[in-house]
Amino acid sequence: MEHRWSVRKPQHCRVMVDTPRHGRVAAKLLDICIGGMYIEAEDVHLPPNTPVNVAFSLGRDGDREDFRLPAMVVRHMPNGAGMMFLDIDVDTLRTLRRAIYESDEQQPNGDLPASGPITEADPRHLPRIAHG
């Protein structure tokens, strides 16, 4: 049964997933809605009900919003996982909605934004804005 309460929007950007078992894992965002996201994360098993934190940026250059949200894995697939956001305050929800539905973030050729590689040792890719 689907519990989604908003429309998914395809997005292609980098995501850092902080997991209890694997630490920080670089992943690729495939789609997002105000209730959660689906990520592609190869070689990492994220079982359902695993609590995680996800960090990502949405929006255009010069008008990007950074997010760091608590989430729970609700679906595991061989190459990725579905995440449900947890405990998002109203202001963060509004900001997320605006970033998802009022932006044109998706790259025309499907490539990730050119912000450089994500590495565990590079803290600039974990936004310090703690929404949620």
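Begin by selecting strands S5 (residues 63–77) and S6 (residues 80–85), which form a hairpin with 2 residues between them. Helices (H or I, at least four residues) and strands (E, at least two) are DSSP runs, numbered from the N terminus. This is a predicted model, in which local features need pLDDT of at least 70 and side-chain atom pairs count only at pLDDT 80 or more, whereas totals for chains, interfaces and linings use all residues. Residues are numbered from 1 along each chain as its sequence is written, and side-chain values use heavy atoms, with hydrogens and water left out.

**Strand S6 and its partners**

Within the hairpin, S5 and S6 run antiparallel and are joined by 6 bridges; two strands count as paired if DSSP finds at least two bridges between them. Select His76 to find its bridge partner in S6, Ala81. Next, add strand S3 (residues 36–40), which is antiparallel to S6 and joined to it by 5 bridges. Here Met37 has Met83 of S6 as its bridge partner. Colouring S6 by accessibility shows a mostly covered strand, with 5 of its 6 residues buried; buried means under 20% relative accessible area, exposed over 50%, and partly exposed in between (1.4 Å probe, protein chains only).

**The salt bridges**

Side chains of opposite charge can pair when their charged atoms come close. The structure holds 3 salt bridges, each defined by a side-chain nitrogen of Lys or Arg within 4 Å of a carboxyl oxygen of Asp or Glu.

Return to S5 and select Arg68, whose side chain meets that of Asp18 in a salt bridge (3.7 Å, N to O). Arg68 in strand S5 and Asp18 in strand S1 are 50 residues apart, and the pair links distant parts of the chain. Arg68 is partly exposed at 23% relative accessible area, and Asp18 is partly exposed at 26%.

Move next to Asp31 and Arg8, where the salt bridge has an N to O distance of 3.3 Å. Asp31 belongs to strand S2 (residues 23–33) and Arg8 to the segment before strand S1 (9–19), so the contact ties together parts 23 residues apart in sequence. Asp31 counts as buried at 15% relative accessibility, while Arg8, at 39%, counts as partly exposed.

Finish at helix H1 (residues 90–101), where Asp91 and Arg94 are 3 residues apart and therefore separated by about one helical turn. The closest N and O atoms of their salt bridge are 3.5 Å apart. Both Asp91 and Arg94 are exposed.
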